[in-house]
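Here's a walk through one protein chain, written for someone who'd rather poke at the coordinates than read a long introduction. Have the viewer open and follow along.

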Amino acid sequence: MSASRLAASSEEQRLRASFGRLQHTAHELLQSADDVERAAVRSYADAERNCAQHQHRAEQLALAQAAQAHEEISEVLINRAQRLASGLAGAAWSDPRWLSGEWLGSGDSSYLRLGSCTVPGLPADLSDQEDLPALVPLLDLGSLTLWESAEQHWTSPVLHSLVLRVLAGTSAMGVEISVFDPKLTGVMSPLGRLRTGAQGGQASGYGGQMLGEPLTSTDELLEWLRQARGAALRVAELTGLHGAANLGQLRGHIGDGCEPYRLLILLGYPYGLDAPTSTELLRLVHAGPARGVSFVLVTDPAALASSELDCAPVLQQTVGVRAGRGGLSVDGLTDAPGVVVLPDPPPSRELVERLIDQLLRAAVARSAPIVRLSELLPAPECRWSGDATDGVSTPIGMTGTAIAELQLRSADPALPNLLVGGASGQGKSNLLLVLLHGIAARYSPEQVQMYLLDFKEGLEFDRLGPSQERSYWLPHVQVLGLEGDRSFGLAVLRHLDAEFSRRAKQFRACGASSLSALRRKRPDEIIPRLLLVIDEFQVLVADGDEIGREAVSILETLARRGRAVGIHLVLASQTLSGIDTLASKERSIFGQFPWRVSLKTEASESEAVLGRGNTEAAQLRYRGEAILNCDYGASEHNQRAVVAYADETELDLLREQLWRASSATTPPRVFYARQPSAATVLADLLAQPTSWCGSDVEEYSVKERGGAEHGIDTNSMSESRVDGGRAILGLPIQVSSRPITFDLRGDPGSALALLGEGRDDALGVLSSAALALAVAEQHSGRLNSSAAQPAKFVLLDGVMGSGEHAWELSALARQLCLSGHEVELVSTVEISERLLRLGEVLNARLGDADRPRPSLDDEPELYVIGAGLHRATRLAQLSMAGSSPMHVLAQLVREGPLARMHLLGWWNSARVFTEQLGYEVSPLLAGLVFLQAPETDVQAMCGPYVRFAPQPHRALFVDRGSGGQPVEFVPFPSAAQSMDARATGDIS
């Protein structure tokens, strides 16, 4: 090997050795790098694991802190929400309290639940926590605007929910909700039963104000706004008086008797509004909420853009609610980012119907706050301390915490008369009783006298007079007309008209222009004020007949001029609409009634009573709540009051105490339209014969009995002494209780015939006539020095039509016998024979050509009383002497009075009467009493101008012997009832 090759080999070996060492070093470096890498990976993994653990622990801690914070905040918000929206106003529909009516009206809530709030960033596992109520301010605080667009129809269920929450969450349901729906959308129809059920049927006592009839016209809306403004003004005065910030606080001070909340929902705002309504709305949206008036406006941008009205001022006063992504936005509530209100789903139909039923039942049970009359009356030691010189006044209830008082006076200022209205069942009769008893407790009967006419079926005034159960009465009452008799009502007006004329002459003679002036001139002369009260007076004047026209004429005179002489009118009615007789007199009559009081009624009737445009009475809520107005119905003088409750037990005790204090002995004139005259009155008359027979009997005065110009007989009692006796027929349809009588003189034809159906009335007239004749005979015997023989009564009983006797005639026979007179009771089958024997007696008393007429001084008066002579048989059959019973009847009429024999008979028809007496003798008969006889029979016998409407317990008396005018009267009952009343000593 050469040196060169050897040197090259050594170099290669060194290179290879170096490369090997380098390779080994690289391998070790790579080995070391791998070890470092593995160590680094292990360190990273450990660090990553430690970081994840720390992160997890931090996340758990943060979540726990968030949950605790959410729970604390939620508890605070929920508790606050429950305070702001207490009871059902803030309860979700799932709350079990909705299933029971116990929570209705559990408190006045100014906030209402709209839905629930979402909290941004909360994890999903907190979604099952109790939701956060989303509340909106309304009552006492503000108004709402619901912004709706054509693409989003979300407002209807929200409106329904708000209405239900308002009604359910307001105490005593003191809220009235109205809807302005000019486009006739019927949005509130699902709740319509709140309206229809409350107005008629089961909730009629509430008055239909939970949900009023929809307003559809601009005029209706403007009227609502004006009424709401008047109510807000009244609330403002009361809140200022009591230091309350709003209506809610005021209700806390004085209770539920103040104004209700008023909520108006305007659909499609501002559609249907004009400038005046927009101005009224702006005023109320700004100032109304604190005064109990709030609004919910439903609008959309398109409607605002198309309107010429500037709606911005109105909308700026409301809280806006808009639909957005994921829910609703509410001004002031969802201003924070991400906060959204999820509206509550609408309640189920079943729950809605159940809630409506609960509200309606609560409405039925609801009544006005009770004001007891006893708390307003003077203490017993202060009764009759009032002086009626300038007028009378009395509290009738409360308005808030103040006493509501009615005054009737002639001047300074003039408040002479009172007009009262109100729908049926709203407390009108209670109001009148409160008024009458309040006056009676303050003024003595020498200061105030009352004339009361009740044209209702309920006989509310009946309790003010005496009865068989009570011997006392309200001593101020002079006249009680019950059951609505128009003829008697007119008689009372005539009496007061005559009293007006009498007083006017007296005042002129004394140089006094008024009652107060006269009493100041003559302080010792007490002239009472006269109070005429007519309940349902429209019955008296509604018909356009003679009674109605004359009644209106007298009412106009008394209303216009009666105040000067101390006559005051109180007219009450359920309805004033459609009274034709008042169409031309409305201003002249009602223009004299500054006092207007209306209880709950319809809007049209409210205007009729209070005045045109004044429909405030249609907004009343309670039975017993009333609008008082002393300025002819001017709306700005409306005063809302709660009338005191007249408890009958308390009133009855008061009447008895006043009666005992007055020592009254003369009861009032009580007139029942569908009853006979009181038997006790006849008993009293029979016990005091000097009041109606004998030489000391005074004639009827034309004024007292109404005058001949009114068709009243002024001659029936003109004789001071009657040869044949005086028969009482009944009581006149007059204020005076002096009876209607018929004089049985010794003149041909002086007999009495009763014609027409009506057994009870016929026997009543015959009984009272017979008893009066018996008493008159005894009275005449005491007056004359020579003793008179007892009279003889022959009672012909044709009533039964058999051998038996009518119990009424049997009782009459017993009473006549007890009075010492001879009585013979003849059955129907014996009438013919007995008439023939009476003919023989008559002939014997008259004498004939062969025998001179004997003296009749020793002969007793003989009264033939025939009851039901139309049923007597064989009256035309001739006797052996050639006479017949019918001939005897005719002879008794023609010649009987000359021989002291008098006929009083009852026939059921004019035809039978004429056939039995004959066409020549029947016109000779002096006294005719028509019972339930056709008017044609009356006119056939008395002339074509005599008018008579037959009815039970009513008769028409015509005295053809004296030429007096026909006069209607009311018969007494039969003899048994009359004498039983006399025996018991009752007074009526």
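What covers the buried residues of helix 6? Before the answer, a caveat: this is a predicted model. The cover includes helix 4 (218-242), strand 5 (261-269), strand 6 (293-299) and helix 8 (312-315).

Helix 6 itself takes up residues 275-287, which is 13 residues. From its first C-alpha to its last it reaches 19 Å, close to the 18 Å expected at 1.5 Å a residue. Its buried residues are Thr277, Ser278, Glu280, Leu281, Leu284 and Val285. They span an arc of only 165° around the axis, so they sit on the same side of helix 6. The spacing makes sense if you recall that an α-helix has 3.6 residues a turn, so residues three or four places apart point the same way.

Zooming out for a moment, the chain has 988 residues, and buried ones make up 53% of them. DSSP-style bookkeeping gives 26 helices and 30 strands. Of the contacts with a separation of 6 or more, 74% are between residues 24 or more positions apart.

Now for a sheet. It's an open one with 10 strands, in the order 22-21-30-29-28-23-27-26-24-25, and the pairing is mixed. Why is one side of strand 22 and of strand 25 left without a neighbour in the sheet? Strand 22 (740-743) and strand 25 (822-826) stand at the edges, so each has a single partner strand. From one strand to the next, the twist averages 25°.

Two of the pairings are worth a click. As background, strands of a sheet pair through backbone hydrogen bonds, either parallel or antiparallel. Here they are side by side:

| Strand pair | Sense | Bridges |
|---|---|---|
| Strand 23 (residues 752-755) and strand 27 (residues 901-907) | parallel | four |
| Strand 21 (residues 726-732) and strand 22 | antiparallel | four |

To find the registers, note that Ala753 has Gly905 in strand 27 as its bridge partner, while Gly730 is matched with Ile740 in strand 22. Strand 22 is covered on both faces: Ile740 and Phe742 on one side, Thr741 and Asp743 on the other, and all of these are buried.

Helices pack on this sheet too. Helix 22 (residues 831-846) touches strand 24 (792-797), strand 25, strand 26 (862-867) and strand 27, and its direction makes about 150° with that of strand 24. Helix 25 (residues 935-942) touches strand 23, strand 28 (927-930) and strand 29 (955-959), with its direction at about 165° to that of strand 28.

Finally, the rings. How many aromatic pairs does the structure hold? The count is 10. In one of them, Trp93 and Trp98 have ring centres 4.7 Å apart and planes at 40°, so the pair is tilted. Both Trp93 and Trp98 are buried.

Tyr472 and Trp659 make another tilted pair, because their planes are at 45°, and their ring centres are 6.4 Å apart. This pair links distant parts of the chain: Tyr472 lies in the loop between strand 13 (448-454) and strand 14 (477-482), whereas Trp659 belongs to helix 17 (residues 648-662), and the two are 187 residues apart. Both Tyr472 and Trp659 are buried. Add Trp473, and Tyr472, Trp473 and Trp659 form one aromatic cluster.

Technical notes:
Residues are numbered from 1 along each chain as its sequence is written. This is a predicted model: local features need pLDDT of at least 70, side-chain atom pairs count only at pLDDT 80 or more; totals for chains, interfaces and linings use all residues. Side-chain values use heavy atoms; hydrogens and water are left out. Two strands pair if DSSP finds at least two bridges between them. Axes are lines fitted to C-alpha atoms, for helices over the stretch in contact, and angles run from 0 to 180 degrees between N-to-C directions. Contact means heavy atoms within 4.5 Å. The expected span of a helix is 1.5 Å times one less than its number of residues. Buried means under 20% relative accessible area, exposed over 50%, partly exposed in between (1.4 Å probe, protein chains only). The arc is that of the directions from the helix axis to the C-beta atoms. Rings of Phe, Tyr and Trp (its six-membered ring) pair if their centres lie within 6.5 Å; planes under 30 degrees apart count as stacked, over 60 as edge-to-face and the rest as tilted.
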